[in-house]
Amino acid sequence: MVRAFFQQGTLMMHVGDRDHLHLVMNDPVYCPILGIQGVLMVAISSVRTGSYVDAACLLDVGDHPFIQHQSFVYYRDSNVFNADRLQVGVEAGNLRPRETLSLEVFRRVREGFYADPLRHNSKVSRFIRQRLEPDFKHI
């Protein structure tokens, strides 16, 4: 199956009352604990005065065509997604692939996962450790 998403790819997902850009951190990989082909994804959120901001990885205009003002990688919201279900969402038009991240921006986002392991949940930490390392660190 040819997938519409892959490592360094991005997907638009409707969350709450608006679309949010999500970054795809790996090509699908089998995750035996979950019994799925899994991809690690993390959302991008706008920096707003008085709101939570994770400063581990700030993004600016030019880092991705969708980003129109300073934003941050919302590591607390990262999760492992079922690649097959994501593909169904893409084919149904509920998820929309967007432009690929540059390697430089992808590396900055990836490094944020290592800045503070408590920044994301234990399922994400385990997935990175068991399924993505050592390749994930050295891209």
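This passage describes the main pocket, one helix and the cysteines of a predicted model.

We may begin with empty space. Rolling a probe the size of a water molecule over the atoms shows where such space is left. Here, the largest pocket has a volume of about 220 Å³. Its lining comprises 13 residues, and those closest to the pocket centre are Asp19, His20, Ser46, Phe66 and His69. Two elements, strand S2 (18-24) and strand S4 (36-46), each give two or more residues to this lining. The biggest share comes from S2, which supplies four residues. In chemical character, the lining of the largest pocket splits into six polar, four nonpolar and three charged residues.

Helix H3, spanning residues 122-132, offers a neat piece of geometry. Its buried residues are Val124, Ser125, Phe127, Ile128 and Leu132. Because these residues cover an arc of only 160° around the axis, they fall on the same side of H3. The spacing fits a general pattern: an α-helix has 3.6 residues a turn, so residues three or four places apart point the same way. The buried residues of H3 are covered by several elements, including strand S3 (29-31), S4, strand S6 (71-82) and helix H2 (103-115). Strand S4 thus appears in two settings, giving residues to the lining of the largest pocket and helping to cover the buried residues of H3.

Finally, a word on the cysteines. With a cut-off of 2.5 Å between cysteine sulfur atoms, the count of disulfides comes to zero. Cys31 has a relative accessibility of 6% and therefore counts as buried. Cys57 is buried too, with a relative accessible area of 3%; the limit for this class is under 20%.

Technical notes
Residues are numbered from 1 along each chain as its sequence is written. This is a predicted model: local features need pLDDT of at least 70, side-chain atom pairs count only at pLDDT 80 or more; totals for chains, interfaces and linings use all residues. Side-chain values use heavy atoms; hydrogens and water are left out. On a 1 Å grid over the protein atoms alone, a cavity is a set of points where a 1.4 Å probe fits but cannot get out, and a pocket is an open set with protein on both sides within 12 Å along at least five of seven lines; lining residues have an atom within 4 Å of a point. Grid points are joined across faces, edges and corners, and a volume is the space filled by probe spheres set on the points. Ala, Val, Leu, Ile, Met, Phe, Trp, Tyr, Cys and Pro count as nonpolar, Asp, Glu, Lys and Arg as charged, and the others, Gly among them, as polar. Buried means under 20% relative accessible area, exposed over 50%, partly exposed in between (1.4 Å probe, protein chains only). The arc is that of the directions from the helix axis to the C-beta atoms. Contact means heavy atoms within 4.5 Å.
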